[in-house]
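This report introduces one protein model to a reader who has not met it before. Please keep the sequence and the structure in view while reading.

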Amino acid sequence: SLLISKLPVYVQWVNETLIPLINLQLDLEIEPFDSSQLIQIIKEHWHKAGGILANIVGSVSHSGSVIFQWLMNLFLIPVITFYLLRDWDVLVEKINNLLPRRISPTVSKLAKESDQVLGAFLRGQFYVMIGLGAIYAIGLWIIGLELALLIGIISGLVSFIPYLGAIVGIVSACLSAIIQFQDLLYLIPVAIVFVVGQSIESTILTPWLVGDKIGLHPVAVIFAVLSGAQLFGFMGILLALPIASIFMVILRHIHEIYKVSGFYTEKS
């Protein structure tokens, strides 16, 4: 709806600003768009999107087995979650009873520390996402951006992947500001909003809500995310930091063993 209502302004900006700039810089002769014809074509075909979607849904619905399998998986998620929550303590106890007695205390200690680290990290990260989304939305709303709420919510939700939330937010907010205001000067307040948001996140939100539970250096965070993306794609990005936090728990335990070992304490 916003696109249709603002379309004449967008077309005018393309014809009067963007096309002359391209022609001047690249020595081309691009003709301006016929705004009335373009707007009429888009308005005529805009309402056909629902029909296209209906055709797609209709074609997909013919594959009954796929739909049935998808519904069964959707149904199994709350069922399995319920039974895991109900029997979790019993399950953990039985797994512990299967462990060799000499390693059971160590495994239990590592499992508890990993559980505490993951729980604190996930809860804190969720609160950071909410806080960042609110900061971005309020900041963009103050400078008058029409899509402030949408961009703020998306940037906050995507921020569970380090640095991606800020990148997505800056790119989408800059594009929205250029199209809405048609003035590059409005990129400055957009940049200020995201700089302030990132500063608040790094100095207040993350230390206060997440703290040093993981203990990963920023370079290690970037390396973990890139490694996860390279090895396992998008799922690797999602699981990179939780898996890295578990590795940190194991490395701390190895470090403790090393510091009390004879290899470290004995003097030559």
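Is glycine 152 buried or exposed? With a relative accessibility of 0%, glycine 152 counts as buried. The cut-off for burial is a relative accessible area under 20%, and the value for glycine 152 is 0%. The model examined here is predicted.

## Overall make-up

The protein contains 10 helices and zero strands. Read from the N terminus, its elements follow the order α-α-α-α-α-α-α-α-α-α.

Of the 268 residues in the protein, 25% are buried. When contacts between residues at least 6 apart in sequence are considered, 63% of them join residues at least 24 apart.

## Glycine 152 and its surroundings

Glycine 152 belongs to helix 6. Once residues up to four places away in sequence are set aside, glycine 152 touches Gly133, Tyr136 and Ala137. Leucine 132 stands 20 residues from glycine 152 along the chain, and the C-alpha atoms of the two are separated by 7.7 Å.

## Helix 5 against helix 6

The residues that glycine 152 touches lead to the packing of two helices. The axes of helix 5 and helix 6 are 7 Å apart, and the two helices pack at an angle of about 155°. Helix 5 and helix 6 are therefore roughly antiparallel to each other, since an angle over 145 degrees is counted in that way. Their crossing is right-handed.

On the side of helix 5, the contact is made by Met129, Leu132, Gly133, Tyr136, Ala137, Leu140 and Trp141. Helix 6 contributes Ala148, Leu149, Ile151, Gly152, Ser155, Gly156 and Leu157. Sorted by class, the contact of helix 5 with helix 6 comprises 10 nonpolar residues, four polar residues and no charged ones.

## Helix 6 against helix 7

Helix 6 also packs with helix 7: the axes of these two helices come within 7 Å and cross at roughly 160°. That angle makes helix 6 roughly antiparallel to helix 7. The crossing of helix 6 and helix 7 is right-handed.

From helix 6, the residues making this contact are Ile151, Ile154, Ser155 and Val158. From helix 7, they are Leu164, Gly165, Val168, Gly169, Ser172, Ala173 and Ser176. The residues of the contact of helix 6 with helix 7 divide into six nonpolar, five polar and no charged. Ile151 and Ser155 of helix 6 take part here and are also listed in the contact with helix 5.

## Nonpolar cores

Which residues have the most contacts inside the largest nonpolar core? They are Tyr136, Leu140, Leu145, Ala173, Val190 and Phe194, in a core of 15 residues. At least two residues of this core come from each of helix 5 (104–142), helix 6 (148–158), helix 7 (164–181) and helix 8 (187–210). In soluble globular proteins, nonpolar side chains tend to be buried together.

Alanine 173 may serve as an example. Apart from its neighbours within four places in sequence, alanine 173 is in contact with Leu140, Leu145, Ile151, Val190 and Phe194. Another core, of five residues, lies apart from the largest one, and its members include Ile161, Ala224, Val225 and Ala244.

## Two residues of helix 9

Helix 9 spans residues 218–260 and holds histidine 253. Valine 249 is found in helix 9 as well. Histidine 253 has a relative accessible area of 15% and is buried, because the cut-off for burial is 20%. Valine 249, with a relative accessible area of 1%, is buried too.

What does histidine 253 touch, not counting residues up to four places away in sequence? It touches Thr106, Lys109 and Leu110. Valine 249, with neighbours within four places left aside, is in contact with Leu110, Glu113, Ser114 and Val117. Leu110 thus appears in the contacts of histidine 253 and in those of valine 249. The C-alpha atoms of valine 249 and alanine 111 are separated by 9.1 Å, although their positions lie 138 residues apart along the chain as counted by number.

## A residue of helix 1

Valine 11 is placed in helix 1, which covers residues 2–26. Valine 11 is buried, its relative accessible area being 5%. From C-alpha to C-alpha, valine 11 and proline 32 are 9.1 Å apart in space, and in sequence they are 21 residues apart.

Terms used. Residues numbered from 1 in each chain as written. Predicted model: local features only at pLDDT ≥ 70, side-chain atom pairs only at ≥ 80, totals over all residues. Heavy atoms only, no water. Core = buried A, V, L, I, M, F, W, Y, C linked by side-chain atoms within 4.5 Å. Buried < 20%, exposed > 50% of the residue type's maximum accessible area, 1.4 Å probe, protein only. Helix = DSSP H or I, 4+ residues; strand = E, 2+ residues; numbered from the N terminus. Contact = heavy atoms within 4.5 Å. Axes fitted to C-alpha atoms, helices over the stretch in contact; angles between N-to-C directions. Parallel < 35°, antiparallel > 145°, perpendicular 65-115°, else oblique. Left-handed = near helix turned anticlockwise from the far one by under 90°. Nonpolar A, V, L, I, M, F, W, Y, C, P; charged D, E, K, R; others polar.
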